[in-house]
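Me: I should like to learn how to read a structure of this kind, feature by feature. Might we begin with the strands and then turn to the core and the contacts between chains?

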Amino acid sequence: VSRRSILRALRRGEGGPRTVPGASASPLPGAEGPWQRFDDPKAHFEVMLAAAGGTCGRASGADAVAAFVEARVREFQARRIWIDAATGLDGVPSGASGVVRFDDAAVADTAAAAALELAVLAGAFAVAENGAVWVEASGWPHPGIHVLPEHLVLVVPGDACVPTLHEAYERIDLRAPGFGVFLAGPSKTADIEQALVIGAHGARSLAVVWSEGVD
Amino acid sequence: VSHPERAARFAADRDRARWHDQALWFVRTRRDAAAAAVPEWEELRGRAAAIKRHTLDHLADYLETFEANARAHGARVHWARDAAEHNAIVRRLLSERGVTRVVKSKSMLTEEVGLNDHLARHGIEVIDTDLGERIVQLRREPPSHIVLPAIHLRRGEVGELFERELGTPAGLDDPEALTRAARRHLRPGFLAAQAGITGVNFAVAETGAVVVCTNEGNADLGTRLPPLHIASMGIEKVIPRQADLPVFLRLLARSATGQALTTYTAHFRGPRPGGELHIVLVDNGRSALRSRAAYRRSLSCIRCGACLNTCPVYRRSGGHSYESAISGPIGSILEPARDPARHASLPFACTLCGSCSDVCPVQIDLHRQLAALRAELVERDLAPGPGRWAWRVLTGWLRRPAAVVALGALGRAWLRFAPGWIRYRPSRGWSDWREWPEPPQQSFRQRFAQRERRRAAGGEGAP
């Protein structure tokens, strides 16, 4: 009933239902550019990510990516970690380090996911203009795995960096059911006297690593 | 109580008012820097305005398309004509599932419709999870800014509040420590919540996706943990295409805080696995506002807050002086347009400087709409204070040359000879912070007559 009454009220002011496309007095503008370009998109991404409170590293080869993640584990003295299998990091953590790598079944429990000190997710691509990484929730053991752990590492293919959001949305498909998110640095707030504080409700740190030269 | 009286109360605390003014101006300068870093900024504003204009002209079609596509993702879509219907729908969804604990991320719509109070009356506890919103919720007051809800408070006041409500140590006023305390306080709330309520920044008709932006991650936590997600949105939040999203997202955070993008920009296509997503489309006066040509474009607003940060009146009077869910320039249009008798003083608080229109990312002609609202309020005899009769008096005076001459002479004599305490009496309010100008020696008429006499005599002043 409300649906019909709202739509009727709106159509009264729209010159009847189903206006012919293109015949509108207020046409929908095109979506094409030209848009901003960067000489070195990855370098610009790194500057913007730093401005958003994140850090970035470059790793050449699977071993270097693993070493980057191990370094973060040590940095945060993480004991409980989870690593997305999509990152291909099967050998982390290496050796007997006292670090427990939770499997997907364990992390499906919210309490376990919330107790994670570090999670490593696969990022689809990076956006140079704003330091964001697109992360699609595919194959996640827990729907909130991007926001529950204390620290996040995003592994992004070394050649996956678009200049602006316009190119980003050409790579994203929102038609299928699911969840996806742009992550631009760690969780933050400035709600007390405009003082920036990193680590509001979500991750207290976010590191992006370019995975270069990995198939 | 009118805006000027409430503003005077805020301004009486001069340190606070000064800090408030400068803090918001700083946000404005960050916005300027972020905008300047995008060469196509003006092009984006133009596109955004055109997309919104087009969408508002075809709103019924786009809402139907959005509804169909959102349903295809497994979302349920509800329609609410007004605040009461919205609140009833949300309460029914919660009650039917036995929900008593809800977390909510920032949503100006739920402020507009008074959702928290409604749910509390029915035994459902709502925890606002945005830090600023949680602070004002604990203080039992509304947000004072649409993006920075607690901008009217100093750190010491937040410290005292947290000492009382969260048991933090006395005298704690470090923002970092206070934020940590809030995180510890709110985490259990997220884990125990049975449902999450969010607003909506953008709803994409073409794909049925709903986009929610936060910096804290509270919308993500609040919706990805509990099995029920309710997203409330005004019907004007729909945009046609996925390709329109980048236009608005590039403008939104830069205009709001000077960030290139919010930290979390979540895209919901249906519920989380094993959960439910309900989207409530709310009219609450929007279709009526759309039918009024002068104010229609105010529905393009994307709630970035840039017009508040730049407004010389808002910065010096504080958000609570507007006594409305949405304050500042945009609130001074939306609220009086909805309820003119109650909010009649707001459009008259404006100086018509036009700064709001200059920074608006969707090119809303805010100052023109405010001027149009004033005219309408005067015509409907709703204008506050002297506005109700002053223009009639002024018109009558200007029509009578002899009266202009007489009052001019009287005015000059008054300014020259009346002692200060009398001189400033008729203009109290205006002249509390201003000096009257030095009165001229002669009136314009006298000078003109003198000049004509000199010219007739062939002396100086001849062309």
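Me: Which strand of chain B is joined to strand β9 of chain A, and how many bridges join them?

Reply: In this predicted model, β9 of chain A (residues 178–183) is joined by six bridges to β9 of chain B (residues 264–269). The two strands run antiparallel. Within this pairing, Phe179(A) stands opposite Phe268(B).

Me: In what order do the strands of the sheet follow one another?

Reply: The order is β8(A)-β5(A)-β6(A)-β9(A)-β9(B)-β6(B)-β5(B)-β8(B), eight strands in an open sheet of mixed pairing. β8 of chain A (161–162) and β8 of chain B (238–239) stand at the edges; each has a single partner strand, so one side of each is left without a neighbour in the sheet.

Me: How should I read the nonpolar core, and which residues have the most contacts inside it?

Reply: A nonpolar core gathers buried residues, a residue being buried when its relative accessible area is under 20%. The largest core here has 139 residues, and Phe182(A), Phe66(B) and Ile279(B) have the most contacts inside it. Helix α12 of chain B (residues 245–256) contributes the largest share of this core, seven residues. A second, separate core of 20 residues includes Ala83(B), Val99(B), Val113(B) and Ile197(B).

Me: What is Phe66(B) in contact with, leaving aside its neighbours within four places in sequence?

Reply: Its partners include Ala203(B), Val210(B), Met233(B), Val238(B) and Leu281(B). Ile279(B) is also one of them.

Me: How many residues of each chain are in contact across the interface, and what area is buried?

Reply: The contacts involve 91 residues of chain B and 76 residues of chain A. About 7,000 Å² is buried between the chains, with carbon and sulfur atoms giving 56% of that area. Of the area that chain B buries against chain A, Arg183(B), Arg224(B) and Arg269(B) supply 12%, more than any other three residues.

Me: How many salt bridges and polar contacts are counted between the chains?

Reply: There are ten salt bridges between chain B and chain A. One salt bridge links Arg11(A) to Asp61(B), with their closest N and O atoms 2.7 Å apart. The interface also holds 50 residue pairs in polar contact. Helix α10 of chain B (residues 175–192) gives the most to the side of chain B that touches chain A, namely ten residues.

Me: Lastly, is His20(B) buried or exposed?

Reply: His20(B), located in helix α2 of chain B (residues 14–36), has a relative accessible area of 0% and is therefore buried. Leaving aside neighbours within four places in sequence, His20(B) is in contact with Phe10(B), Ile151(B), His152(B), Tyr314(B), Arg315(B) and Gly318(B).

Technical notes
Residues numbered from 1 in each chain as written. Chains lettered and ligands numbered in written order. Predicted model: local features only at pLDDT ≥ 70, side-chain atom pairs only at ≥ 80, totals over all residues. Heavy atoms only, no water. Pairing = 2+ DSSP bridges. Helix = DSSP H or I, 4+ residues; strand = E, 2+ residues; numbered from the N terminus. Core = buried A, V, L, I, M, F, W, Y, C linked by side-chain atoms within 4.5 Å. Buried < 20%, exposed > 50% of the residue type's maximum accessible area, 1.4 Å probe, protein only. Contact = heavy atoms within 4.5 Å. Buried area = accessible area lost by both parts, 1.4 Å probe. Salt bridge = Lys/Arg side-chain N within 4 Å of Asp/Glu carboxyl O. Polar contact = N/O pair within 3.5 Å; in protein donor to acceptor, adjacent residues only side chain to side chain.
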